[in-house]
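Visitor: I should like to understand the reasoning behind the terms applied to this model. Please show me the structure, and then let us take the terms in turn.

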Amino acid sequence: MREFFKIFLGAQIRIIGVIALICLIGFWIAGVEGVLPLAIVTACLDVLPFIGTGIILVPLILWRVVNAQYYQAFLLLATYICCMIAREYLEPKFISAKTGISPIFTLMGIYVGVKLLGIGGIFLGPLYILFVQILYDEIVRKKSFVLKEE
């Protein structure tokens, strides 16, 4: 279990880095002030379900629309979409690469975990999927489970 949390935390750190880079580029192109700290905060908030990058990007987009800065609003909307796609693609991919669980099952575990358990479900959902896979491998396939090395 400790190894799984290490894998999950490593995946989250890499995803935060990617999201921060996307935000940094998007904010810079859109002409947002305080690009670096804002990109880092936005990326860190992306880890939290139901909050995510939208807590920063949606008000920025709306403010640009209200001020008739449609081009900047469009750039920020594109940044928001890129962040959402990056998270949806990278999270199951990073976790499944180390644990051997299918990315689809990892993603399902995250979503079901969040729906049933709230924020703790981010960790417990995939952990439950991993547990089910271990049981299946041990009982049905008579195969021992080993986490993959880097």
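Guide: Let us begin with a pair of helices in this predicted model. The crossing of helix 5 and helix 6 is right-handed.

Visitor: Why are helix 5 and helix 6 called oblique to each other?

Guide: The axes of helix 5, residues 103-117, and helix 6, residues 121-139, cross at roughly 130 degrees. An angle over 145 degrees would count as roughly antiparallel, and 65 to 115 degrees as roughly perpendicular. The crossing angle of roughly 130 degrees fits neither range, and helix 5 and helix 6 are therefore oblique. Their axes come within 7 Å.

Visitor: Which residues of helix 5 and helix 6 meet?

Guide: From helix 5 they are F105, T106, G109, I110, G113, V114 and L117. Helix 6 supplies G121, I122, L124, G125, P126 and I129. By class, this contact has eight nonpolar and five polar residues, with no charged ones.

Visitor: How do you know that helix 2 and helix 3 are oblique to each other?

Guide: Helix 2 spans residues 35-45 and helix 3 residues 54-66, and their axes cross at roughly 125 degrees. That value lies between the upper limit for roughly perpendicular, 115 degrees, and the limit of 145 degrees for roughly antiparallel, so the pair is oblique. The axes of helix 2 and helix 3 come within 8 Å. On the helix 2 side the contact is made by L38, V41, T42 and L45, and on the helix 3 side by I55, I56 and L60. Six of the residues in this contact are nonpolar, one is polar and none is charged.

Visitor: What makes the buried residues of helix 2 line one face of the helix?

Guide: The buried residues in helix 2 are V35, A39, T42 and A43. Viewed down the axis of helix 2, they fall within an arc of 100 degrees, so they line one face.

Visitor: Why does T53 count as buried?

Guide: T53 lies in the loop between helix 2 and helix 3. Its relative accessibility is 3%, and the cut-off for buried is under 20%, so T53 counts as buried. Leaving out residues up to four places away in sequence, T53 touches I19, T42, D46, Y80 and C83.

Visitor: R87 is an arginine; how do you know whether R87 is buried or exposed?

Guide: R87 has a relative accessible area of 7%, which is under 20%, so R87 is buried. R87 lies in helix 4. Apart from neighbours within four places in sequence, R87 is in contact with Q12, I15, I19, D46, V47 and P92. I19 and D46 also appear among the residues that T53 touches.

Visitor: By what value is F74 assigned to the buried or the exposed class, and which class is it?

Guide: The relative accessible area of F74 is 55%, and exposed means over 50%, so F74 is exposed. F74 is placed in helix 4, residues 70-99. In sequence F74 and A30 are 44 residues apart, and their C-alpha atoms are 8.7 Å apart in space.

Visitor: What do the elements and contacts of the whole protein show?

Guide: The protein has six helices and zero strands, and from the N terminus the order is α-α-α-α-α-α. Of its 150 residues, 37% count as buried. Among contacts with a separation of 6 or more, 56% join residues 24 or more positions apart.

Notes: Residues are numbered from 1 along each chain as its sequence is written. This is a predicted model: local features need pLDDT of at least 70, side-chain atom pairs count only at pLDDT 80 or more; totals for chains, interfaces and linings use all residues. Side-chain values use heavy atoms; hydrogens and water are left out. Axes are lines fitted to C-alpha atoms, for helices over the stretch in contact, and angles run from 0 to 180 degrees between N-to-C directions. Helices (H or I, at least four residues) and strands (E, at least two) are DSSP runs, numbered from the N terminus. Angles under 35 degrees count as roughly parallel, over 145 as roughly antiparallel, 65 to 115 as roughly perpendicular and the rest as oblique. Contact means heavy atoms within 4.5 Å. Ala, Val, Leu, Ile, Met, Phe, Trp, Tyr, Cys and Pro count as nonpolar, Asp, Glu, Lys and Arg as charged, and the others, Gly among them, as polar. A crossing is left-handed if the near helix is turned anticlockwise from the far one by less than a right angle, and right-handed if clockwise. Buried means under 20% relative accessible area, exposed over 50%, partly exposed in between (1.4 Å probe, protein chains only). The arc is that of the directions from the helix axis to the C-beta atoms.
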